[in-house]
Amino acid sequence: MDSGVPMRKVAVIGSGIAGAVCASSLARSGFSVTIFESARGPGGRMSQRRESADGKELLFDHGAPFFTVRETATLSGLLQEWERKGLIAEWKGKFGSFDCHTRQFLCRDQEVPDKKYVGVPGMNSICKALCDEAGVESRFGVGIAQMDWLEKDDSWSLIGIDGQGLGNFDGMVASDKNLVSSRVTAVTGRTPPLDLNFCSHLANKVKEIPVNPCFAVMLAFSEPLSSIPFVGLNFVNSKVLNWAHCENSKPGRSTSSERWVLHSSKEYAESIIDQFGLRKPSPELLARVAEDLLRELADAGLDLPKPFFVKAHRWGSAFPVAGMAPEEKCLWDSNRKLAICGDFCVSPNVEGAITSGMVAASKITSILSRM
Ligand SMILES: Cc1cc2nc3c(=O)[nH]c(=O)nc-3n(C[C@H](O)[C@H](O)[C@H](O)COP(=O)(O)OP(=O)(O)OC[C@H]3O[C@@H](n4cnc5c(N)ncnc54)[C@H](O)[C@@H]3O)c2cc1C
């Protein structure tokens with residue numbers, strides 16, 4: 001029955017897992033939620049990249065390859081729901097490492113590993129489903145340039161990058177550190193959309209959010225890489241490589257081509273950024289990065305067939321170095337109904353981002369429900 005009370009409106013900036021979990025939870029609590037995402041699709045660092053070569057469609061999880069969950073007590077309900085809906089599945093297979101000095105593969109059979117979950121059919125599946133839920137409107141390709149608190153109206157106003165007014169909202173969730181960090185200026189030349197000068201305790205916390213960068217290199221081969229006995233492996237004793245995995249070994253993926261993703265070490269990524277800066281890398285620079293990572297494999301004795309597709313991607317802030325709010329799990333200003341959430345509040349992984357998004361939703365729900 002219509003109570004006659006207008007629905008409270010909440011804006012969520014960012015459709016990564018923190019923003020998407022938060023938006024879905026708010027919508028399930030009865031709020032009218034709008035997600036604004038500057039990218040063309042959902043997922044953030046859990047995105048899936050669509051490429052093509054030789055007439056084949058090539059899909060890559062070029063950000064997080066999988067996730068694990070330690071705090072099962074808090075997140076088991078969500079995991080069970082996502083598993084039941086077919087949005088996630090366990091990635092089974094052999095995982096190990098490769099020592100670039102001894103040139104030996106090392107098995108991890110003795111360890112009891114955490115379950116490795118992947119989105120199905122791509123890492124972005126969870127965010128995609130949450131952005132499509134009832135009560136959530138998702139606006140992709142809409143970057144936010146300015147977020148203003150209007151004291152007299154007790155609400156937030158949003159302005160897009162093209163200068164367009166995007167409406168007023170009772171509550172606000174900012175789910176990316178670049179919305180508040182000066183680092184965004186080094187990357188895009190723009191000032192951060194959210195000026196926290198009104199709130200010194202939050203401003204101090206987010207002044208410096210140190211991050212580690214990473215390059216991902218996507219590769220496709222016309223034959224299986226039978227010389228590698230694992231579906232995912234860490235590199236030991238390499239200054240350049242950190243990780244490699246086989247995309248088509250994950251559940252629900254196309255097996256029509258052999259697709260691998262390499263991750264650089266943070267030291268290598270930092271050295272490239274130190275030389276060439278934080279602005280968008282040129283295609284030439286990305287080609288050089290791909291060459292460097294492939295050469296490192298060859299120098300370590302891992303001779304691979306020639307890939308028919310090679311492309312590098314830079315993640316300038318792949319991993320926050322530390323959680324800004326390990327106890328509170330999100331940053332919160334109750335007077336302005338503002339929650340700032342994301343992995344950078346808790347821990348540099350999907351689990352940390354989910355936890356932060358859930359807590360942000362509960363803060364907004366508790367305050368707006370009382371009004
Ligand atoms: C290469 C790589 C490997 C990784 N490996 C793992 C792993 O093995 N396991 C694991 O658990 N985690 C891993 N991670 C980390 C994991 O991906 C992140 O912790 C998690 O996805 C962060 O989610 P988030 O929602 O906090 O942020 P994000 O996913 O970064 O989402 C923030 C969103 O906000 C949007 N946004 C920013 N500014 C604006 C604006 N002005 N207007 C509109 N939208 C905006 C962005 O486009 C983005 O979509 C990895 C990450 C990378 C990059």
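Two strands pair if DSSP finds at least two bridges between them. Keep that in mind for the tour below, which goes through a predicted model.

**Stop 1: a small start, three strands**

Select residues 144-150 and 155-160. These are β10 and β11, and they pair in the antiparallel sense over six bridges. Now show the side chains of Trp-149 and Trp-156: the two are bridge partners, with Trp-156 sitting in β11. Add 165-169, which is β12, and you have an open sheet of three strands in the order β10-β11-β12, with antiparallel pairing. The edges are β10 and β12, each pairing on one side only. Look along the sheet for its twist: neighbouring strands are turned by 20° against each other on average, direction ignored.

**Stop 2: strand β13 and its two partners**

Next, pick 171-174, strand β13. Which way do its residues point? Gly-171 and Val-173 go one way, Met-172 and Ala-174 the other, and all are buried.

Bring in 9-13, strand β1, which pairs with β13 in the parallel sense over four bridges. Here Ala-11 stands opposite Met-172. Then add 338-340, strand β20: it runs parallel to β13, and three bridges join them. To check the register on this side, look for Val-173 and its bridge partner Ala-339 in β20.

**Stop 3: colour by domain**

Zoom out and give the chain two colours. Domain 1 is 1-41 + 124-208 + 324-371, and domain 2 is 49-122 + 211-320. If you drop a pseudoatom at each C-alpha centre, the pair will be 29 Å apart.

Now look at where the colours meet. The contact takes 15 residues from domain 1 and 22 residues from domain 2. On the domain 1 side, α3, α4 (183-188), α8 (343-346) and α9 each supply at least two residues. The largest share of that side, four residues, comes from α9. By class, the domain 1 side divides into eight nonpolar, four polar and three charged residues.

**Stop 4: the seven-strand sheet**

Hide domain 1 for a moment and look for an open sheet of seven strands, in the order β7-β6-β15-β16-β17-β14-β18, with mixed pairing. At the edges are β7 (104-107) and β18, each of which pairs on one side only. The twist averages 25° from one strand to the next.

Highlight β14 and 258-264, which is β17: they run antiparallel and six bridges join them. Leu-219 stands opposite Trp-260 in β17. Two helices to switch on here:

- α6 (266-276) packs on the sheet and touches β14 and β17; its direction makes about 100° with that of β14.
- α7 (283-299) also packs on the sheet, touching β14, β16 (241-246), β17 and β18, with a direction at about 95° to that of β18.

**Stop 5: two residues to click on**

Start with Gln-104, which is in strand β7. Is Gln-104 buried or exposed? It counts as exposed, because 11 other C-beta atoms lie within 10 Å and the cut-off for exposed is 12 or fewer. Draw a distance to Gly-301: the two are 197 residues apart along the chain, yet their C-alpha atoms are separated by 9.5 Å.

Then click Gly-122, in the loop between β8 (117-119) and α3 (125-131). Gly-122 is buried, because 22 other C-beta atoms lie within 10 Å, and 20 or more is what buried requires. Leaving aside neighbours within four places in sequence, Gly-122 is in contact with Gln-48, Leu-59 and Asp-61. For Ser-32, 90 residues away in sequence, the C-alpha to C-alpha distance to Gly-122 is 28 Å.

**Last stop: the ligand**

Finish by showing the ligand and the 38 residues around it. Which of them come nearest? Label Gly-14, Gly-16, Gly-44, Gly-342 and Asn-349. The elements that give two or more residues to this shell are α1 (17-28), β2 (32-37), β14 (211-221), β18 (309-320) and α9 (350-369).

Keep the domain colours on, and you'll see both in the shell: it draws at least three residues from each of domain 1 and domain 2. Switch to colouring by class and the shell has 20 nonpolar, 13 polar and five charged residues.

How values were computed. Residues numbered from 1 in each chain as written. Predicted model: local features only at pLDDT ≥ 70, side-chain atom pairs only at ≥ 80, totals over all residues. Axes fitted to C-alpha atoms, helices over the stretch in contact; angles between N-to-C directions. Near = placed C-beta within 6 Å. Nonpolar A, V, L, I, M, F, W, Y, C, P; charged D, E, K, R; others polar. Domains from an automatic or database assignment. Contact = placed C-beta atoms within 7 Å.
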